[in-house]
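Me: I am new to this structure and would like a close look at one part of it. Please take the enclosed space inside it, and then follow the helix packing from there.

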Amino acid sequence: MAEAVRLTTNAKAAGCAAKLSPSVLDAVLKKLPPQRNAKVLVGFETSDDAAVYQLTEELAIVQTVDFFTPIVDDPNLFGQVAAANSLSDIYAMGGRPISSLTILAYPAAGAPEVLEQILRGGLAKMVEANCTVVGGHSIRDEEIKFGYAVTGTIHPQHIWKNVGALPGDSIILTKPIGTGVISTALKQEQAEPAWVAAATAVMTRLNRDAAEALHEIESSAPPGQRPIHAVTDITGFGLLGHAREMAIGSGVSITIDHARIEYLPGAIEASRAGFFSGGMKNNRDFVESCTEFSPGVSDEFRALAFDPQTSGGLLVAIAAEYADAALAGLTQHKVSARRIGEVTSKSSTLLAVV
């Protein structure tokens, strides 16, 4: 079916690379009037991963929505990637997903068998996450789009935000990067099968295990201490785009060592070959002005730092004294995590890549 359909040929942009330009979105959102509701603990004003609405003193709901165009050709795997990506924001906030609503755009003349496989893949990943699909909405569209609106639960006092990083914190990333350049190579039929297989395995993996490992670190800390200071997931705005949000919101600067980052098999080759999406160029235009690269960082690694990721890993700012324990815990959960940098006091250089 994958060879017969080739879902990516139907997409003008693949996965999270289809996001609006961050510069356009940032400019428009700043013009919207503020909302005042004491029960909204996290809203869109802070550019966080999901919204948090308090119900009681001990219970809040986490809400997010995410959908996109095909990033892989296999319909079932596309459904799985879309579901994992939608669930990721709940995990990035420290929440537990409980229910979801399907969002679907599908051609009127599209094959029902392909649609069934997309829905089956998404449902299987939701079942894995113990998140019940309770309904959804569909429209006719010549370009396939699929995803979910997800609701989770969280304690109001245990929310992870994308702000709060402190100077001296270690920066940990829980998945390799490179899905954007590999998916672009796939669209152009230039991706090696091994590249696609590795990228798909990463994109279909839930961030649940990484979140659980981080929860265990927090639980082991002495009363009153919260070792995890900021968390976000790496998606369409790329590693540096999401690091920028963390740095600005926290009032700090961040240094990243490009040699410590794990790259997907084929990512460096695809970057050298120039398989860049429009999303990557938008990210670069928006973030490059606040980023300083050391001379030793070559062009392919600079590009990968802006590469839009789909269902990427968690980016974590954690107190340095807990970093080793966190990495050990992540390893026990079979999460491929690396310490890729550190938080520094705010300086004229918001982001430094060495």
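Reply: In this predicted model, α5 (179-187) and α6 (193-203) each supply at least two residues of the lining of the largest cavity. From the stretch of α5 come Thr-179, Ile-182, Ser-183 and Leu-186. From the stretch of α6 come Val-196, Ala-199, Thr-200 and Met-203. Ile-71 and Val-72 also belong to this lining, and their numbers lie outside both helices. By class, seven of the lining residues are nonpolar and three are polar, with no charged residue. The space inside amounts to about 50 Å³. In total, three cavities of 30 Å³ or more are counted.

The second largest cavity holds about 40 Å³. Here α8 and α11 (299-306) each give at least two residues to the lining. The biggest share comes from α11, with three residues: Phe-301, Leu-304 and Ala-305. From α8, which covers residues 238-250, come Leu-239 and Leu-240. The rest of the lining is Ile-177, Ile-256, His-258, Ile-261, Tyr-263 and Val-353. This lining has 10 nonpolar residues, one polar and no charged.

Leu-240 leads on to the helix packing, as this residue of α8 lines the second largest cavity and also takes part in the contact of α8 with α10. The axes of α8 and α10 (residues 278-287) come within 9 Å, and they cross at roughly 40 degrees. An angle under 35 degrees would count as roughly parallel; the two helices are therefore oblique to each other. The crossing of α8 past α10 is left-handed. On the α8 side, the contact is made by Gly-238, Leu-240, Gly-241 and Arg-244, and on the α10 side by Asn-283, Phe-286 and Val-287. These residues divide into three nonpolar, three polar and one charged.

Two other helix pairs can be described in the same terms, since two packed helices are described by the angle between their axes and the distance between the axes.

For α3 (residues 75-92) and α4 (residues 112-128), the axes come within 7 Å and the crossing angle is again roughly 40 degrees. This pair is therefore oblique as well. The handedness is right-handed as α3 passes α4. From α3, the contact takes in Pro-75, Asn-76, Phe-78, Gly-79, Gln-80, Ala-83, Ala-84 and Leu-87. From α4, it takes in Val-114, Gln-117, Ile-118, Arg-120, Gly-121, Gly-122, Lys-125 and Met-126. By class, this contact has eight nonpolar, six polar and two charged residues.

The remaining pair is α7 (residues 208-220) with α12 (residues 320-332), whose axes lie 9 Å apart at an angle of about 140 degrees. Over 145 degrees would count as roughly antiparallel; α7 and α12 are therefore oblique to each other. In this pair α7 passes α12 in a right-handed crossing. Ala-210, Ala-213 and Ile-217 of α7 meet Tyr-322, Ala-325, Ala-326, Gly-329 and Leu-330 of α12. The contact has seven nonpolar residues and one polar, and no charged residue is part of it.

Technical notes: Residues are numbered from 1 along each chain as its sequence is written. This is a predicted model: local features need pLDDT of at least 70, side-chain atom pairs count only at pLDDT 80 or more; totals for chains, interfaces and linings use all residues. Side-chain values use heavy atoms; hydrogens and water are left out. Axes are lines fitted to C-alpha atoms, for helices over the stretch in contact, and angles run from 0 to 180 degrees between N-to-C directions. Helices (H or I, at least four residues) and strands (E, at least two) are DSSP runs, numbered from the N terminus. Angles under 35 degrees count as roughly parallel, over 145 as roughly antiparallel, 65 to 115 as roughly perpendicular and the rest as oblique. A crossing is left-handed if the near helix is turned anticlockwise from the far one by less than a right angle, and right-handed if clockwise. Contact means heavy atoms within 4.5 Å. Ala, Val, Leu, Ile, Met, Phe, Trp, Tyr, Cys and Pro count as nonpolar, Asp, Glu, Lys and Arg as charged, and the others, Gly among them, as polar. On a 1 Å grid over the protein atoms alone, a cavity is a set of points where a 1.4 Å probe fits but cannot get out, and a pocket is an open set with protein on both sides within 12 Å along at least five of seven lines; lining residues have an atom within 4 Å of a point. Grid points are joined across faces, edges and corners, and a volume is the space filled by probe spheres set on the points.
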